[in-house]
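Work through the exercises below with the coordinates open. Try each task before reading its solution.

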Amino acid sequence: MAATPSSSLFELIKSLSKSEKRYFKVYSSKHTIGEENNYITLFDYIDSQAEYDEERVFKDFKGEAFLNKFSITKKRLQDNIMRALDSYHANSTIDSQLYRMLHYADILYSKSLYGQCKKCLISAEKVARKHGKYHVLLEINSKTKKLIENTGYSGISNEYLENLAHENLEMIRKSNDYTILWNIKSKLILRLNTMGVARSRAEKLAFETIYQMYQHHDFADTFDNLYLINHINAAYYFAVGEMENSLTHILKNKQLFETNKDRLSEEINVYFSLITNAIYIYNQLGNYEEVSQLLSELKTISSNLGETASDDMNIKLFSSINSTELMLLNGKGDFKRALDLLPVIEEGYRLYSDKINTSRRAYLNYNIAVAYFGIDDFSGALKWLNTILNDKEFDEKQDLFCFAQLLNLIVHFELNNHQLLPYAIKNTQRYLKSRNKVYKFEELFLKYLNKLSKVEKPLDQLDLLEEILVQVKPLAEDPFERNVLDSFKFIQWAESKILNKTIAELVESAYYQRSK
């Protein structure tokens with residue numbers, strides 16, 4: 001037995017839906033001779049394990065012949081599962097249908113059945129053109145050329161060759177356009193993910209520089225390119241704080257999918273992401289009626305998919321729906337209802353474990369911390385903040401990590417951790433300098449929190465808080481500063497001290513003012 005057994009077979013089995021597992025067993029019984037009982041028995045045993053334990057397999061199946069070369073047994077079982085999945089999903093997407101047709105064409109070609117091969121390629125070309133699959137059309141074009149050569153150019157005219165060359169060049173152009181657009185989109189998203197939205201003129205200019213790469217071309221002649229154009233615009237306008245413009249392009253892409261039902265069914269996860277992005281911006285703009293409608297749409301998608309949803313889709317559904325609900329409830333000041341979601345979230349963590357990426361998990365955990373903060377349970381808030389701050393895999397460049405650092409300082413202040421607080425403030429100052437992102441709010445926040453931590457008289461603290469608010473409130477109107485202020489209700493926290501009200505009361509009041 002290997003010193004560190006591979007868990008890839010276990011991970012594959014655990015990723016299967018109930019219907020995929022049923023199909024595998026039927027497929028295995030039909031396509032495996034002699035060893036099907038061993039395969040199904042081993043499959044069921046591994047599926048029953050909560051964590052992969054190969055040593056336990058050897059103990060419980062002691063004496064079985066398949067253990068003699070267990071690595072080969074696992075490989076054969078894994079191959080058998082993949083063949084079953086290939087059969088199960090043979091027609092699940094347009095791409096899978098097309099590649100199967102191309103495989104048929106290759107088989108017919110190898111048998112010298114050139115007439116049938118040509119018909120197969122013509123059928124594939126019609127499907128590819130209908131669905132805008134230009135990357136597949138290039139491959140069909142290549143196979144067509146090979147067929148023409150092998151049949152000695154029989155029945156081929158100069159006009160046909162000219163048309164074939166023209167089509168080939170046009171497909172290459174469209175494929176190149178897609179590559180350019182994808183690169184621009186990815187550079188914008190990468191910068192957003194690592195550096196956050198623009199909070200200075202220089203950062204806005206950095207996004208503009210990337211965005212300008214797109215504006216010199218006209219690409220809008222395929223579904224994929226039009227989608228990327230809208231994506232580029234939505235990402236750019238979001239990054240520079242122009243929420244209405246960003247929303248316009250998100251809704252254009254939503255409409256694009258709704259008018260292309262085949263792409264919608266194939267890429268429901270992309271459509272799902274468009275809805276969650278629209279919800280976030282509608283919420284930022286105070287359009288709560290649209291938020292409610294879109295959240296209902298998300299939940300309908302989730303219930304309609306049922307057990308047909310893949311593990312990846314289930315994780316997206318779980319994290320997106322719960323993140324959205326937490327964000328909305330925290331935004332209303334309904335922190336107690338937000339925390340009612342905690343059992344559902346913890347169950348999701350149990351089910352999906354480390355399959356949830358660090359960013360999704362951090363966003364959920366941060367919103368849970370904000371909910372605890374909103375009900376003055378600062379120990380609870382600290383517990384969830386620590387899951388972010390102590391996660392070595394989470395990218396410290398992300399804005400969320402910065403927000404967690406700032407909220408962490410207020411929590412320590414509220415918990416009267418006077419000895420720890422000066423060290424924590426210095427640590428945050430070092431972090432912000434290393435990130436080159438010490439903005440107006442962060443400067444004021446650290447300056448006054450340091451003063452607050454040294455003031456013992458309550459009245460003196462109130463005076464300082466009033467002084468802070470005089471300087472911070474104008475920043476709420478600054479598009480470069482608004483994001484950090486919204487992230488953990490700093491203004492409402494300071495006002496709650498001065499007015500002797502709860503954070504929840506003040507957040508709720510601000511919410512209803514915005515919704516009028």
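**Exercise 1. Classify K14, then find its partner.**

Solution.
- Start with exposure. K14 has a relative accessible area of 26%. The partly exposed class lies between under 20% and over 50%, so K14 is partly exposed.
- Keep in mind that this is a predicted model.
- Next, look for an acid. K14 forms a salt bridge with D47. The closest N and O atoms are 3.9 Å apart. The cut-off is 4 Å, so the pair counts as a salt bridge.
- Now place both ends. K14 sits in helix 1 (residues 8-15), and D47 sits in helix 3 (residues 36-48). The pair therefore ties together parts that are 33 residues apart in sequence.
- Finally, widen the view. K14, K21 and D47 are linked in a network of salt bridges.

**Exercise 2. Analyse two salt bridges that each stay inside one helix: K75 with D79, and R350 with E347.**

Solution.
- Set the background. Side chains of opposite charge can pair when their charged atoms come close.
- Take K75 and D79. Their closest N and O atoms are 2.9 Å apart. Both residues lie in helix 5 (residues 70-88), four residues apart, about one turn of the helix.
- Check exposure. K75 is partly exposed at 48% relative accessible area. D79 is partly exposed too, at 28%.
- Take R350 and E347. Their side chains meet in a salt bridge at 2.7 Å, N to O. They are three residues apart in helix 18 (residues 342-352), so about one helical turn separates them.
- Check exposure again. R350 counts as exposed at 56%. E347 counts as partly exposed at 35%.
- Close with the total. The structure holds 24 salt bridges.

**Exercise 3. Describe the largest nonpolar core and state which helix gives it the largest share.**

Solution.
- Recall the trend. In soluble globular proteins, nonpolar side chains tend to be buried together.
- Size the core. The largest nonpolar core has 69 residues. Those with the most contacts inside it are Y366, F373, F441, F445, F488, F490 and W493.
- Assign the share. Helix 21 (residues 399-414) supplies 11 residues of this core, the largest share.
- Zoom in on Y366. Leaving out residues up to four places away in sequence, Y366 touches L385, I388, L400, F403, A404, L407, S487 and F488.
- Look beyond this core. Apart from it lies another core, of 47 residues. Among its members are L188, A198, L264 and L274.

Key: Residues numbered from 1 in each chain as written. Predicted model: local features only at pLDDT ≥ 70, side-chain atom pairs only at ≥ 80, totals over all residues. Heavy atoms only, no water. Core = buried A, V, L, I, M, F, W, Y, C linked by side-chain atoms within 4.5 Å. Buried < 20%, exposed > 50% of the residue type's maximum accessible area, 1.4 Å probe, protein only. Contact = heavy atoms within 4.5 Å.
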